[in-house]
Amino acid sequence: MNNLREVNDDILKDWLEFREEDLCSLTCDEDRKHFVYFDEISERILKNVPEQNKKYVQKQLNLLDENFMDYIFYWNEKYYRNGFCDGVQLIGGSSYK
């Protein structure tokens, strides 16, 4: 049997992409409470930055946003994939290494 941690036909990634719209829709108060309101926070920061520094600060905020999203995607995929693989191995009663 293939090692589930080796990505070939990535059904887990396909499933996460399929569920992304629902997962990111903020359908309940708890979801909204834990959402990262980056755009709103950035706007408030930029309102208090002198005009001559706005482009620089905006660029840095954009880099921070991209870096944070890369971080979240990396860790989510890593732990969803490993958790899924661990669950399959537990159900299967064997350990693939």
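Modeller: In this predicted model, a contact means heavy atoms within 4.5 Å, and by that rule Leu61 touches Phe38, Ser42, Ile45 and Leu46, leaving aside residues up to four places away in sequence.

Colleague: What makes Leu61 part of the largest nonpolar core, and which residues belong to that core?

Modeller: Leu61 is among the buried residues of helix 4, and a core is a set of buried nonpolar residues joined through side-chain atoms within 4.5 Å. The largest such set has five residues, namely Phe38, Leu46, Val49, Val57 and Leu61. Helix 3 (38-47) and helix 4 each supply at least two residues of this core. As a general background, nonpolar side chains tend to be buried together in soluble globular proteins.

Colleague: Why is the pair Lys54 and Glu51 called a salt bridge?

Modeller: The cut-off asks for a side-chain nitrogen of Lys or Arg within 4 Å of a carboxyl oxygen of Asp or Glu. The side chains of Lys54 and Glu51 meet at 3.8 Å, N to O, so the pair satisfies that limit of 4 Å. A search of the whole structure finds one salt bridge.

Colleague: How do you know whether Glu51 and Lys54 count as buried, partly exposed or exposed?

Modeller: Exposed means over 50% relative accessible area, and Glu51, at 61%, therefore counts as exposed. Buried means under 20%, with partly exposed in between, so Lys54, at 26%, is partly exposed.

Colleague: Why can Met69 belong to a surface patch when Met69 counts as partly exposed?

Modeller: A patch takes residues with over 30% relative accessible area and no salt bridge, and Met69 has 35% relative accessibility, so Met69 passes that accessibility limit. Met69 is found in helix 4, and the nonpolar patch joins Met69 with Val36, Phe68, Tyr71, Phe73, Tyr74, Trp75 and Tyr79, with about 820 Å² of accessible area together.

Colleague: How do you know how the span of helix 4 compares with the expected value?

Modeller: The expected span is 1.5 Å times one less than the number of residues. For helix 4, residues 54-92, with 39 residues, this gives 57 Å, and the helix reaches 56 Å from its first C-alpha to its last, which is close to that value. Helix 4 is followed by Gly93, whose phi is positive, near 75°.

Colleague: What makes up the secondary structure of the chain as a whole?

Modeller: The chain comes to four helices and zero strands, and its elements run α-α-α-α from the N terminus on. Of its 97 residues, 12% count as buried.

Definitions and conventions
Residues numbered from 1 in each chain as written. Predicted model: local features only at pLDDT ≥ 70, side-chain atom pairs only at ≥ 80, totals over all residues. Heavy atoms only, no water. Buried < 20%, exposed > 50% of the residue type's maximum accessible area, 1.4 Å probe, protein only. Patch = residues over 30% accessible without salt bridge, like charges linked within 9 Å, V, L, I, M, F, W, Y side chains within 5 Å. Areas by Shrake-Rupley, 256 points an atom, 1.4 Å probe, with all protein chains shown as cover.
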